[in-house]
Amino acid sequence: MSEVAVGCMILFGSLAVLMICRVPISFCLGISALFTAGYLGIPYLNLFQKMSTGITSFTFMCVPFFIIMAQFMTDGGISDRLTKFCNVLVGRMRGGTAIVNCVVSMFFGGISGSSIADVSSIGSFLIPAMVKEGYDADFSVAVTCTSSVEGIIIPPSQNMIFYIMAAGSSLSISTMFMAGYIPGVLLTLALCICSFVISVKKKYPVSEKKSWKENITICKEALLGLVTIIIVAGGILGGVFTATESGAIAAVYALVITAFVYKTMTFKVFIGCMLKSLKTLGTVLAIIATSSAFSYCLSYLKVPTMVANALMSVTSNPILGMLLMILLMFIAGCFMDMGILIIMLTPIFFPVAMQYGYNPYHFGIITVLALGMGVLTPPVGTSLWAGCSIAGIRMEDALKGFLPFYLTYICVTLLIMLIPQISTILPAALGYI
């Protein structure tokens, strides 16, 4: 057996064994890389240099700012105000609360960039509210969890940053962000239509009408929070800020608004926000560092080249090749966390997509969407478990309500795959690509 074959067995075998033993994923990646380096005779200093480079790159600098900004906005009460604002916009139609759920996730996604944060924050009061209004519990969980995935493709998205870092090429975060807006809106519209059709079929209720005075007050309060999204999107779109600068400015703005306007950011809440942010950031840093070492071993063993040759030998058709990669990503997403998979699979699939002729930003959107399905599917599905926990129902009972949303999600993913302009038209119009 060749040295490369044994090296691959050690790398992936030790990773699998450690994961089965429930060792934290950052340790799994680091230890499997160390085992493989020891066998191949790779100097350990090389691995440590790669780990250091992974967390000190300029690309990664924007992550702490977006994490802190999201925590300020979440604990500062923005999610409640956004929900009321969206209820003013779309709440007066059949199944209005379900549609509000989809729309508020689109806005909240532009703040948190995290599906689990969306479910935990918005779902904590929208799921019980929907059940109280007469919606089925499985439907309430399904619409909340599925719409939460909007946050992974609507900037600022941590997962897009992971993709840029893992791709290992001179890709721009700003361009990646711009590529996510239209797909994010498309996914939102598709989920709204799905929710409306189901609501009409099952005769779900219409939300109560509020007075003009109440609506104006709600809009005023919500618009102050929405300026955070304008800072991130408008600043990057207009070329005023880089992604890192926009994250820093938005974090400061969020702190000022929640502390001095909403007056929900007390010193105790502020300390809590910083501690939560540090915990999240520490986890992300550990994963980024060890995955950089793991990716170095992958490159040394030429795993991406082998996978590319294997896929190209199966089919030279770009559409069939991409469908095969999407299927593999769907399956992998059922068993591992999304962020980890982006970091692990991107170095493998990225060269294949480039050989098939896909635009790197278009492929990034496909990757994030395909792996995003994993947060909705058992057994790992973090958003699925969070939604079921909030609703107090078993996962088995909730899955029936997910079926039409799974179908909708898959259709949107395939549509974006087949029509690359959905992802590339905005950055191309702005001169980014």
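In helix 2 of this predicted model, the buried residues are Ser26, Cys28, Leu29, Gly30, Ser32, Ala33, Thr36, Ala37 and Leu40. Their packing partners come from several parts of the chain: helix 1 (3-20), helix 3 (44-56), helix 15 (267-300) and helix 18 (338-356).

The length of helix 2 can be checked with a little arithmetic. Helix 2 covers residues 25-40, and at 1.5 Å a residue its 16 residues should span 22 Å. The C-alpha atoms at its ends are 23 Å apart, which agrees with that expectation. Just after helix 2 comes glycine 41, with a positive phi of about 80°.

Let us follow one of the packing partners, helix 15, a little further. Serine 292 lies in helix 15. In sequence, serine 292 and leucine 29 are 263 residues apart, yet from C-alpha to C-alpha the distance in space is 9.0 Å. Which residues does serine 292 contact, leaving aside its neighbours within four places in sequence? They are Lys50, Met51 and Gly54.

Helix 15 is also flanked by two residues with unusual backbone angles. As a rule, most residues other than glycine have a negative phi. Lysine 263, in the loop between helix 14 (243-261) and helix 15, has a positive phi of about 60° although it is not a glycine. Lysine 302 sits in the loop between helix 15 and helix 16 (303-314), and its phi is also positive, at about 60°. Lysine 263 has a relative accessible area of 65%, so it counts as exposed. Lysine 302 is exposed as well, because its relative accessibility is 53% and the cut-off is over 50%.

Now to the charged pairs. Side chains of opposite charge can pair when their charged atoms come close. How many salt bridges does the model hold? The count comes to three, and they are set out here with the relative accessible area of each partner.

| Basic partner | Acidic partner | N to O distance |
|---|---|---|
| Lysine 276 (43%) | Aspartate 75 (24%) | 3.2 Å |
| Lysine 202 (45%) | Aspartate 136 (34%) | 3.6 Å |
| Arginine 394 (54%) | Aspartate 397 (40%) | 3.2 Å |

The pair of lysine 276 and aspartate 75 brings us back to helix 15. Lysine 276 belongs to helix 15 and aspartate 75 to helix 4 (residues 62-75), so this salt bridge ties together parts that are 201 residues apart in sequence. Lysine 276 is partly exposed, and so is aspartate 75.

Aspartate 136 and lysine 202 form another of the salt bridges. This pair links distant parts of the chain, 66 residues apart: aspartate 136 is in the loop between helix 8 (123-133) and helix 9 (137-148), while lysine 202 is in helix 12 (residues 173-202). In the pair of arginine 394 and aspartate 397, is the arginine buried or exposed? Arginine 394 is exposed, whereas aspartate 397 is partly exposed.

Finally, a look at the empty space inside. Rolling a probe the size of a water molecule over the atoms shows where empty space is left. The structure holds one cavity of 30 Å³ or more, and the largest cavity has a volume of about 40 Å³. Ten residues line the largest cavity, and those nearest its centre are Met336, Asp337, Met338, Gly374 and Val375. By character, the lining divides into five nonpolar residues, four polar and one charged.

Technical notes: Residues are numbered from 1 along each chain as its sequence is written. This is a predicted model: local features need pLDDT of at least 70, side-chain atom pairs count only at pLDDT 80 or more; totals for chains, interfaces and linings use all residues. Side-chain values use heavy atoms; hydrogens and water are left out. Helices (H or I, at least four residues) and strands (E, at least two) are DSSP runs, numbered from the N terminus. The expected span of a helix is 1.5 Å times one less than its number of residues. Buried means under 20% relative accessible area, exposed over 50%, partly exposed in between (1.4 Å probe, protein chains only). Contact means heavy atoms within 4.5 Å. A salt bridge is a side-chain nitrogen of Lys or Arg within 4 Å of a carboxyl oxygen of Asp or Glu. On a 1 Å grid over the protein atoms alone, a cavity is a set of points where a 1.4 Å probe fits but cannot get out, and a pocket is an open set with protein on both sides within 12 Å along at least five of seven lines; lining residues have an atom within 4 Å of a point. Grid points are joined across faces, edges and corners, and a volume is the space filled by probe spheres set on the points. Ala, Val, Leu, Ile, Met, Phe, Trp, Tyr, Cys and Pro count as nonpolar, Asp, Glu, Lys and Arg as charged, and the others, Gly among them, as polar.
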